[in-house]
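Trainee: Could you take me through one part of this model in detail, and then place that part in its wider setting?

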Amino acid sequence: MDQEYAVKPLGLTEVRDRISNVFSEAVHKHRPIPIARGNRELGMLLGLEEIGRLVESVSFHPEVLKEERGLSIWLPEFQIYGRGKDLWASRADLLEEVREYVSEYLEEIDTYRSAPNRRAHFPHIIKALVADLSGNLESVIFDNRAQMGAREVIAASDLR
Amino acid sequence: MPHPTFDDRRRFCEIDGWSKKESARGKTGDHDRYRKELVDGTILRTKASHSKEQIGNPSLWRHIWRDQLGLESEDEFWTALKTGKPVQREPEAPRGTPEWLIQQLLHTLGMTEAEALALTPDEAVARWEKYITSPRESGP
């Protein structure tokens, strides 16, 4: 007997046939779309705004460290730092490091998600990814008051 | 203790058997990226410039040797540079199975205590994940 779900997942064939509508449902109508392959494999299509909401409470806490010739900014959530001759150069270097880390993490997700010192980084990886796609990486990394909500993140982007 | 230079860190990575890593985004810069995976799956990563410039902030240096290089003490860094030998890292003590998971195996999956305790932590997690991702029979 088929299992009953609150929302019946779409099969892959149906998703393929209606991909444009399915995408609009998720992104414009903000409706999560469960997708199934066979009886056991389940995924979910979510709009960027909804993912942003899920990680709304996730925040970053960069620390500025003065050096004799310039300064560094340490980002404890990813254990990385940016370095430069002044604050702006250090921030720019750190943003590059964040993008590098997010890219490496997602490219090797199988390894990173099982690494004991890296698996907990996943919510921050998603937070940084959504912010970067929305054009807000800088304000998300450097605003540790975490005041920016998902709507503002998306509203500031040109993705809608 | 002397202040380390970025070049010292690059030499440390070479001595300690770290792998040089290309940028995931294909970028080239004025530093090399290094990575090391420990036996328990821990991933260490750092970057090192070709520079004689010193790491001038003690807090940054502490973050680097402790969080990025995965060392127990700063001494381990200097000893490796002095001797040319890699750091002897103690393997992490094996983790136990979380108590909540044992409870789920007993009360939700119906295993006996002996069966649940005979599983390694990874086996216990695998059994639980298999259970929660399997379609279940609907009731009568």
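Mentor: What follows begins with one strand and its partners, and then moves outward to the rest of the chain and to its neighbour.

The model is predicted, and the part I would choose is strand E5 of chain A, which spans residues 70-75 and is mostly covered, with five of its six residues buried. On one hand, E5(A) is joined by five bridges to strand E4 of chain A (residues 63-67), and these two strands run antiparallel. Within that pairing, A:Trp74 of E5(A) is the bridge partner of A:Glu63, and the two strands form a hairpin with two residues between them. On the other hand, five bridges join E5(A) to strand E6 of chain A (residues 80-84), again in an antiparallel arrangement; here A:Ser72 has A:Arg83 in E6(A) as its bridge partner. E5(A) and E6(A) also make a hairpin, with four residues between the strands, and in this hairpin A:Gln79 takes a positive phi near 55 degrees.

As for the wider setting, the domain assignment of chain A gives domain 1 as residues 10-46 and domain 2 as residues 56-155, and the centres of these two domains, taken over C-alpha atoms, are separated by 30 Å.

Elsewhere in chain A there is an open sheet of three strands, in the order E1-E2-E3, whose pairing is mixed. Its edge strands are E1 (10-11) and E3 (41-45), each of which pairs on one side only. E1(A) pairs with strand E2 of chain A (residues 33-37) in the parallel sense over two bridges, and A:Leu10 stands opposite A:Ile35 in E2(A). Helix H2 of chain A (residues 19-27) lies across E1, E2 and E3 of that chain, and it runs at about 140 degrees to E2(A).

Turning to the neighbouring chain, 26 residues of chain A are in contact with 18 residues of chain B. On the chain B side, helix H2 of chain B (residues 58-68) supplies the largest share, namely five residues, and the residues of that side divide into ten polar, four charged and four nonpolar. Helix H2 of chain B also holds B:Asp67, which is classed as partly exposed because 18 other C-beta atoms lie within 10 Å, whereas a buried residue would need 20 or more. The C-alpha atom of B:Asp67 is separated by 8.1 Å from that of B:Leu44, although the two residues are 23 residues apart along the chain.

Note on methods
Residues are numbered from 1 along each chain as its sequence is written. Chains are lettered from A and ligands numbered from 1 in the order in which they are written. This is a predicted model: local features need pLDDT of at least 70, side-chain atom pairs count only at pLDDT 80 or more; totals for chains, interfaces and linings use all residues. Domain bounds come from an automatic or database domain assignment. Two residues are in contact if their C-beta atoms, placed from the backbone, lie within 7 Å. Ala, Val, Leu, Ile, Met, Phe, Trp, Tyr, Cys and Pro count as nonpolar, Asp, Glu, Lys and Arg as charged, and the others, Gly among them, as polar. A residue is buried if 20 or more other C-beta atoms lie within 10 Å of its own, exposed if 12 or fewer, and partly exposed in between; C-beta atoms are placed from the backbone. Two strands pair if DSSP finds at least two bridges between them. Axes are lines fitted to C-alpha atoms, for helices over the stretch in contact, and angles run from 0 to 180 degrees between N-to-C directions.
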